[in-house]
Amino acid sequence: MNFRENINSEHSVLLVIDLQSKLAPAISSFNTTLECALQLANASAIHQIPSIITEHYKKGLGESDEKIKQALPNAQYIEKINFSACAEEGFLDTLSQFQRPHVVVIGTEAHVCVLQTCLDLLQQGYAVTVATDAIASRNTEHKAIAVEQLRQAGAVISCAETIIFQWTKKAGTSTFKQILSIVK
């Protein structure tokens, strides 16, 4: 996949990494991160983009935030204990079933599970776009370091609204009208 091209909704999968409510108190930007994640989730539903939600150490960290679960009712769920979702049994098989080469990644924590998953996805040959306003870490400096490392590794660094408009392509359609209500 050529990173110089616009993201195409028909080639994308939305990957939500560990947006679990028990992490929220430790991450000061959790609510704004969740807000951007929900924008992407709602837009992906309009565009019928498949989604995967991972839940890290669910026994200790609980389930995904209820809002993200509601926004993505058809998501595939993967419980994991590995920091990289790619190392979890069944994850790559689940992802490959969609036959889509581009993974848009959101979630927590940026410098741990998001970073390791994205690096492994790149290694597996997937195009990876990270929505920086929809990822978070407990420490903002750790997030910044992870974003820079991902940029150097070949991931596209973007934001929720840019990705949403890339998926949408043009104004004046019924899809655009639905998308407009998400980004306003």
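T33 is a good place to start: with a relative accessibility of 2%, this residue counts as buried. Keep in mind as you look around that the model is a predicted one. T33 belongs to helix α1. Leaving aside residues up to four places away in sequence, T33 touches D133, A134, I135 and A136.

**Helix α8 and its two sides**

From α1 we can move on to α8, which spans residues 174-183. Which residues of this helix are buried? They are F176, I179, I182 and V183. Around the axis these residues cover an arc of only 110°, so they sit on the same side of α8. The other side of α8 has exposed residues, namely S174, K177 and S181. As for what the buried residues pack against, the partners are α1 (30-46) and α7 (160-168).

**How the helices pack**

Three helix pairs are set out here, with the angle and the axis separation for each.

| Helix pair | Packing angle | Distance between axes |
|---|---|---|
| α1 and α8 | about 170° | 10 Å |
| α1 and α7 | about 10° | 9 Å |
| α5 and α6 | about 5° | 9 Å |

Take α1 and α8, which pack at an angle of about 170°. These two helices are therefore roughly antiparallel to each other. On the α1 side the contact involves Q39, N42, A43 and I46, and on the α8 side T175, Q178, I179, I182 and V183. By type, the residues of this contact split into 5 nonpolar and 4 polar, with no charged ones.

The angle for α1 and α7 is about 10°. That value makes α1 roughly parallel to α7. Here C36, Q39, L40, A43 and S44 from α1 meet A160, I163, I164 and W167 from α7. The residues of the contact of α1 with α7 comprise 7 nonpolar and 2 polar, and again no charged. If you follow Q39 and A43 of α1 through both contacts, you will find them meeting α8 and also meeting α7.

The third pair joins helix α5 (residues 110-123) to α6, with an angle of about 5° between them. That makes α5 roughly parallel to α6. The α5 residues in the contact are A110, H111, L115, C118, L119 and L122, while α6 contributes H142, K143, A146, Q149, L150 and A153. What is the make-up of the contact of α5 with α6 in nonpolar, polar and charged residues? The division is 8 nonpolar, 3 polar and 1 charged.

**Salt bridges**

How many salt bridges are there? The count comes to 7.

K69 takes part in two of the pairings described here. With E63, K69 forms a salt bridge in which the closest N and O atoms are 2.4 Å apart. With E66, K69 forms a salt bridge whose closest N and O atoms are 3.5 Å apart. E66 and K69 both lie in helix α3 (residues 66-71), 3 residues apart, which is about one turn of the helix.

Are K69 and its partners buried or exposed? K69 has a relative accessible area of 18%, and because the cut-off for buried is under 20%, K69 is buried. E63 counts as partly exposed, at 39% relative accessibility. E66 is partly exposed as well, with a relative accessible area of 44%.

A further salt bridge links E148 to R151, with 3.0 Å between the closest N and O atoms. These two residues are 3 residues apart in helix α6 (residues 140-153), so about one helical turn separates them. E148 is partly exposed at 33% relative accessibility, and R151 is partly exposed with a relative accessible area of 43%. Elsewhere, salt bridges that share partners bring E55, K58 and E79 together in one network.

**Pulling the picture together**

Helix α1 makes a handy reference point for viewing the model. The buried residues of α8 pack against α1 and α7, with α1 roughly antiparallel to α8. The α1 helix also holds T33. Helix α6, for its part, packs with α5 at an angle of about 5° and contains both E148 and R151.

Key. Residues are numbered from 1 along each chain as its sequence is written. This is a predicted model: local features need pLDDT of at least 70, side-chain atom pairs count only at pLDDT 80 or more; totals for chains, interfaces and linings use all residues. Side-chain values use heavy atoms; hydrogens and water are left out. Buried means under 20% relative accessible area, exposed over 50%, partly exposed in between (1.4 Å probe, protein chains only). Helices (H or I, at least four residues) and strands (E, at least two) are DSSP runs, numbered from the N terminus. The arc is that of the directions from the helix axis to the C-beta atoms. Contact means heavy atoms within 4.5 Å. Axes are lines fitted to C-alpha atoms, for helices over the stretch in contact, and angles run from 0 to 180 degrees between N-to-C directions. Angles under 35 degrees count as roughly parallel, over 145 as roughly antiparallel, 65 to 115 as roughly perpendicular and the rest as oblique. Ala, Val, Leu, Ile, Met, Phe, Trp, Tyr, Cys and Pro count as nonpolar, Asp, Glu, Lys and Arg as charged, and the others, Gly among them, as polar. A salt bridge is a side-chain nitrogen of Lys or Arg within 4 Å of a carboxyl oxygen of Asp or Glu.
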